[in-house]
Amino acid sequence: MNKKQKKNLIRIIIASVLMIILTFVPAKGFLRFILYLIPYFVVGGDVLKKAFKGIKNKQAFDESLLMAIATIGAMA
């Protein structure tokens with residue numbers, strides 16, 4: 001397992017633990033949505049960074065932007 005794979009595995013484990021913890025948090029409404037964004041940013045932060053860099057470099061429609069749109073749409 002190389003360094004990048006270890007980093008990704010740790011991020012997946014952290015996000016999984018956060019998701020399990022959040023199932024027991026008695027938050028409702030918008031606060032609950034904000035709390036569930038934390039694991040999303042832990043796991044999907046790299047994709048969002050690549051999407052914003054693509055927009056900044058005027059190469060908007062790459063796979064990172066499309067994946068970001070798809071995950072945001074799925075949450076909505």
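At what angle do α1 and α2 pack, and how far apart are their axes? In this predicted model, the two helices pack at an angle of about 170°, and their axes lie 9 Å apart. Helix α1 is therefore roughly antiparallel to α2, since angles over 145 degrees are counted in that class. The contact between the two helices involves a set of residues on each side. From α1, the participants are R11, I12, I14, A15, L18, M19 and L22. From α2, they are R32, L35, Y36, I38, P39, V42, V43, G44, G45 and D46.

R11, one of the α1 residues that meet α2, was examined further. With a relative accessible area of 13%, R11 is buried, because values under 20% fall in that class. When neighbours within four places in sequence are left aside, R11 is in contact with V42, V43, G44, G45 and D46. With D46, the contact includes a salt bridge between the two side chains, with a distance of 2.6 Å from N to O. This pair links distant parts of the chain, as R11 belongs to helix α1 and D46 to helix α2, 35 residues apart. Side chains of opposite charge can pair when their charged atoms come close. How many salt bridges does a search of the whole structure find? The search finds one. The two partners can also be described by their accessibility: R11 is buried at 13%, whereas D46, with a relative accessible area of 30%, is partly exposed.

Helix α1 also contributes to the surface. L9 lies in this helix, which covers residues 3-22. The relative accessibility of L9 is 39%, so the residue counts as partly exposed. Together with M1, I13, V17 and I21, L9 forms a nonpolar patch on the surface. The accessible area of these residues together is about 480 Å².

Attention then turns to the later part of helix α2 and the loop that follows. G54 lies in helix α2 and has a relative accessible area of 6%, so G54 is classed as buried. Residues up to four places away in sequence being excluded, G54 touches Q59 and A60. A15 lies 39 residues from G54 in sequence, and the C-alpha atoms of the two are 25 Å apart in space. Beyond α2, which spans residues 30-56, a loop leads to α3, which spans residues 63-75, and K58 lies in this loop. Is K58 buried or exposed? At 77% relative accessibility, K58 counts as exposed, because the value is over 50%. The backbone of K58 has a positive phi of about 60°, although K58 is not a glycine.

Two residues of helix α3 complete the description. S64 has its place in helix α3, and at 9% relative accessibility S64 counts as buried. Which residues does S64 touch, not counting those up to four places away in sequence? The residues touched are V47, K50 and A51. T71 also has its place in helix α3. With a relative accessible area of 26%, T71 is partly exposed, because this class lies between the limits of 20% and 50%. The C-alpha atoms of T71 and Y40 are separated by 9.2 Å, while the two residues are 31 residues apart along the chain.

Methods. Residues numbered from 1 in each chain as written. Predicted model: local features only at pLDDT ≥ 70, side-chain atom pairs only at ≥ 80, totals over all residues. Heavy atoms only, no water. Patch = residues over 30% accessible without salt bridge, like charges linked within 9 Å, V, L, I, M, F, W, Y side chains within 5 Å. Areas by Shrake-Rupley, 256 points an atom, 1.4 Å probe, with all protein chains shown as cover. Salt bridge = Lys/Arg side-chain N within 4 Å of Asp/Glu carboxyl O. Helix = DSSP H or I, 4+ residues; strand = E, 2+ residues; numbered from the N terminus. Buried < 20%, exposed > 50% of the residue type's maximum accessible area, 1.4 Å probe, protein only. Contact = heavy atoms within 4.5 Å. Axes fitted to C-alpha atoms, helices over the stretch in contact; angles between N-to-C directions. Parallel < 35°, antiparallel > 145°, perpendicular 65-115°, else oblique.
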